[in-house]
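The following paragraphs offer a guided reading of a protein model. The reader is invited to keep the sequence and the three-dimensional view at hand.

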Amino acid sequence: MNIRIASLQRYPVKGLSPEPLGSASLMKGGYFPGDRLFAVENGPAGFDPQNPEHQPKIKFLMLMKNESLARLRTRYLDESSTLVIEEGGREVARGDLSTREGRLSIEAFFRRFMPGELRGPPKVLAAPDGFRFTDSRKGFVSLINLASARALEDVVGAPVDPLRFRGNVHVEGLGPWEEFDLVGKVLSTPSGVRLKVTKRIERCAATNVDPATGIRDLQIPRSLMQAYGHFDCGIYAEVLDGGTIAPGDTLALEQPALALE
């Protein structure tokens, strides 16, 4: 297998837009850097930052139910902990998420932007150390095989933007759906980064939403089931050894050591 990293993306706020990256520094046992650091609670969800537990994503603003979020373009400025929200090319909100005032500013925007979709007051939540607002408890790094997304285009009869799947690492060089054969195996880069593929990613109705327009225009999970008998697209991996990855890097399949006779 000649697997190559095509692009990297992070999603600082669950449900909001991706940010392309020129590189990412992975840490052993850690999450993808800067990913799912925040979520916006859609009414009281019972999240306790002192005892963080994964909550069903329905408790947060997210594309599966709130496709209007895709109309927004967001940037998270690490150096100032500031979230910037744009709509139609115009800045509509900005707030330092490390401060109460900044969070209130972002929450006020969502009250104005989508009042009919709120079950209660929106609240910006920050992930405590060692926790992220991922859909899976072990969703440390997500990889999307671009060949699988292209194969799905033939099934649905329309272009399928890989960003629908909200993955961190887009890869090339695999055949369609060959990523599923990697579950339980280890991938490594020439620089020493090692990723253990842990599971396939089951897809929900969030993938039906065009990430560029916010229009719910396809039936991705249903199409996957009808064509392939599953709802899966993409894989999760755990970081065994850290280091920096970047577009253009290669990933090699580690061969298991032969037992000595």
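**Paired strands, a buried histidine and two cavities**

Val 186 has Lys 196 of strand β12 standing opposite. The model in which this pair is found is a predicted one. The two strands concerned are β11, covering residues 186-188, and β12, covering residues 194-202; they run antiparallel and are joined by three bridges. Between the strands of this hairpin there are five residues, and Gly 192 adopts a positive phi near 105 degrees there.

Strand β12 also pairs with strand β13, which spans residues 232-241. This pairing is antiparallel and extends over seven bridges. Within it, Arg 200 has Ile 235 of β13 as its bridge partner. Ile 235 appears again below, as one of the residues that line the largest cavity.

Attention may now turn to strand β10, which comprises residues 169-172 and contains His 170. Is His 170 buried or exposed? His 170 has a relative accessible area of 5%. Because this value falls under the 20% limit for burial, His 170 counts as buried. Which residues, beyond its neighbours within four places in sequence, are in contact with His 170? They include Arg 4, Ile 5, Ala 6, Ser 7 and Gln 9. Ile 144, Leu 146, Pro 162 and Leu 163 are also in contact with His 170.

Ile 144 leads on to the internal spaces, since this residue is among those lining the largest cavity. The structure holds two cavities of 30 Å³ or more, and the largest has a volume of about 50 Å³. Which strand supplies the largest share of its lining? Strand β9, formed by residues 141-145, contributes three residues to the lining of the largest cavity. Leu 143, Ile 144 and Asn 145 are among the lining residues, as are Ile 3, Val 171, Leu 174 and Glu 179. Leu 182, Leu 187, Ile 235 and Leu 251 also belong to the lining. By character, the lining of the largest cavity divides into nine nonpolar residues, one polar residue and one charged residue.

The second largest cavity holds about 40 Å³ of space. Its lining is made up of Lys 14, Glu 53, His 54, Gln 55, Lys 57, Phe 60, Phe 131, Phe 133, Thr 134 and Asp 135. These residues divide into three nonpolar, three polar and four charged.

How values were computed: Residues are numbered from 1 along each chain as its sequence is written. This is a predicted model: local features need pLDDT of at least 70, side-chain atom pairs count only at pLDDT 80 or more; totals for chains, interfaces and linings use all residues. Side-chain values use heavy atoms; hydrogens and water are left out. On a 1 Å grid over the protein atoms alone, a cavity is a set of points where a 1.4 Å probe fits but cannot get out, and a pocket is an open set with protein on both sides within 12 Å along at least five of seven lines; lining residues have an atom within 4 Å of a point. Grid points are joined across faces, edges and corners, and a volume is the space filled by probe spheres set on the points. Helices (H or I, at least four residues) and strands (E, at least two) are DSSP runs, numbered from the N terminus. Ala, Val, Leu, Ile, Met, Phe, Trp, Tyr, Cys and Pro count as nonpolar, Asp, Glu, Lys and Arg as charged, and the others, Gly among them, as polar. Two strands pair if DSSP finds at least two bridges between them. Buried means under 20% relative accessible area, exposed over 50%, partly exposed in between (1.4 Å probe, protein chains only). Contact means heavy atoms within 4.5 Å.
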